[in-house]
Amino acid sequence: MVASPGSPGGPSTQAGQFAESYVTEDLVLRTARGLAQEVGVEAVTPGAGAALRLLAAAGSARAVVEIGTGTGVSGVWLLRGMRADGVLTTIDVEVEHQRIARRIFTGAGFPPGRTRIIAGRALDVLPRLADGAYDLVFVDAEAMGFSACVDAALRLLRPGGVLVLNGAFADGRIGDPSARDVETVTVRETIKAIRESEHWIPALLPVGHGLLAAVHC
């Protein structure tokens with residue numbers, strides 16, 4: 001018998017807090033997180049970062065695309081799950097944020113050859129990336145761009161590759177039928193389309209702000 005929410009053993013805020021603290025962050029990640037706060041970037045939570053590392057490791061990811069570099073928090077988590085010869089291609093419009101991320105990647109012990117840092121709008125950069133060449137695509141972008149990023153990921157990922165969307169809970173509004181703001185509706189429609197598509201095998205992971213993970217069939 002599965003416990004219902006709110007019953008003993010069911011999901012709770014306390015359980016969520018425990019999940020977030022289960023894997024601790026080292027000085028590099030704490031520094032990157034502090035810098036993200038300074039520049040006004042919302043980095044993935046430790047629980048979400050640990051999930052990204054796990055997904056990269058489970059797929060022995062060698063080639064990963066990250067949409068939304070920030071100050072390097074999610075990038076470090078991904079790199080730590082990838083193969084030792086893996087390359088992270090990370091895209092962001094904020095060049096200064098990427099300069100910070102570059103220092104963070106170096107501080108984490110990753111040589112320059114492990115990252116390909118591209119400045120620009122994701123929807124301008126993604127068409128230049130090779131079809132079927134990537135093991136994982138992580139989207140940490142504005143919800144309004146989700147649909148286009150999902151379409152791009154379908155082209156970029158090899159069969160068996162994984163798409164991960166950050167922010168799938170729409171700041172906690174995703175399950176509220178009265179929430180009809182544009183962002184929530186966009187997220188709701190995107191995750192519904194993925195669920196109903198023959199091209200994806202999805203699951204919602206209740207960590208951070210919600211991760212939608214989907215395997216490309």
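Me: Why are helix 2 and helix 5 called roughly antiparallel to each other?

Reply: Good place to start, and keep in mind that this is a predicted model. The axes of helix 2 (residues 27-39) and helix 5 (residues 95-107) cross at roughly 170°. Angles over 145 degrees count as roughly antiparallel, and therefore helix 2 and helix 5 get that name. Their axes also come within 10 Å.

Me: Which residues make the contact between helix 2 and helix 5?

Reply: Helix 2 brings Val28, Thr31, Ala32, Leu35 and Val39, while helix 5 brings His97, Ile100, Ile104 and Gly107. Sorted by class, six residues of this contact are nonpolar, three are polar and none is charged.

Me: What makes helix 7 roughly parallel to helix 8?

Reply: Again, look at the angle. Helix 7 (residues 146-156) and helix 8 (residues 182-196) pack at about 25°, and their axes are 9 Å apart. Angles under 35 degrees count as roughly parallel, so helix 7 is described as roughly parallel to helix 8. Phe146, Ser147 and Val150 of helix 7 meet Val187, Thr190 and Ile194 of helix 8. By class, that contact has four nonpolar, two polar and no charged residues.

Me: How do you know that the span of helix 8 agrees with what is expected?

Reply: Compare two numbers. Helix 8 has 15 residues, and at 1.5 Å a residue they should span 21 Å. The end C-alpha atoms of helix 8 are 21 Å apart, so the two values agree.

Me: Which residues of helix 8 are buried, and what covers them?

Reply: The buried ones are Thr184, Val185, Thr186, Val187, Thr190, Ile191 and Ile194. Their cover includes helix 7, strand 5 (157-166), strand 6 (200-205) and strand 7.

Me: Why is Thr190 called buried?

Reply: Thr190, found in helix 8, has a relative accessibility of 8%. Buried means under 20%, so Thr190 counts as buried. Leaving out residues up to four places away in sequence, Thr190 touches Phe146, Ser147, Val150 and Leu165. The side chain of Thr190 also reaches the backbone oxygen of Thr186 at 2.8 Å.

Me: What makes the pair Thr190 and Thr186 a polar contact?

Reply: Here the distance is 2.8 Å, from the side chain of Thr190 to the backbone oxygen of Thr186. For a polar contact, the two N or O atoms must be within 3.5 Å, and 2.8 Å fits that limit.

Me: Is His216 buried or exposed, and how do you know?

Reply: His216 lies in strand 7 (residues 211-216). Its relative accessibility is 11%. Since the limit for buried is under 20%, His216 counts as buried. Not counting residues up to four places away in sequence, its contacts are Leu154, Leu157, Arg158, Pro159, Gly160, Gly161, His199 and Trp200. A polar atom of the His216 side chain lies 3.5 Å from the backbone oxygen of Leu154.

Me: What makes helix 4 mostly covered?

Reply: Of the nine residues in helix 4 (residues 73-81), eight are buried. They are Val73, Ser74, Gly75, Val76, Trp77, Leu78, Leu79 and Gly81.

Me: How do you know that the span of helix 3 agrees with the expected one?

Reply: You can use the reasoning from helix 8 once more. For the 13 residues of helix 3 (residues 46-58), 1.5 Å a residue gives an expected 18 Å, and the end C-alpha atoms are 18 Å apart, so the values agree. Gly47, Ala48, Gly49, Ala50, Ala51, Leu52, Leu55 and Ala56 are the buried residues of helix 3. These pack against helix 1 (13-21), helix 4, strand 4 (134-139), strand 5 and strand 7. Just after helix 3, Ser60 has a positive phi of about 45°.

Me: Why is a positive phi worth pointing out?

Reply: Because most residues other than glycine have a negative phi. Ala170 has a phi near 50°, and Asp171 has one near 55°. Ala170 lies in the loop between strand 5 and helix 8, and Asp171 is found in that loop too.

Me: Why does Ala170 count as buried and Asp171 as exposed?

Reply: Set each value against its limit. Ala170 has 1% relative accessibility, so Ala170 counts as buried, with the limit being under 20%. Asp171 has 54%, so Asp171 counts as exposed, for which the limit is over 50%.

Conventions
Residues numbered from 1 in each chain as written. Predicted model: local features only at pLDDT ≥ 70, side-chain atom pairs only at ≥ 80, totals over all residues. Heavy atoms only, no water. Axes fitted to C-alpha atoms, helices over the stretch in contact; angles between N-to-C directions. Helix = DSSP H or I, 4+ residues; strand = E, 2+ residues; numbered from the N terminus. Parallel < 35°, antiparallel > 145°, perpendicular 65-115°, else oblique. Contact = heavy atoms within 4.5 Å. Nonpolar A, V, L, I, M, F, W, Y, C, P; charged D, E, K, R; others polar. Buried < 20%, exposed > 50% of the residue type's maximum accessible area, 1.4 Å probe, protein only. Polar contact = N/O pair within 3.5 Å; in protein donor to acceptor, adjacent residues only side chain to side chain. Expected span 1.5 Å × (residues − 1).
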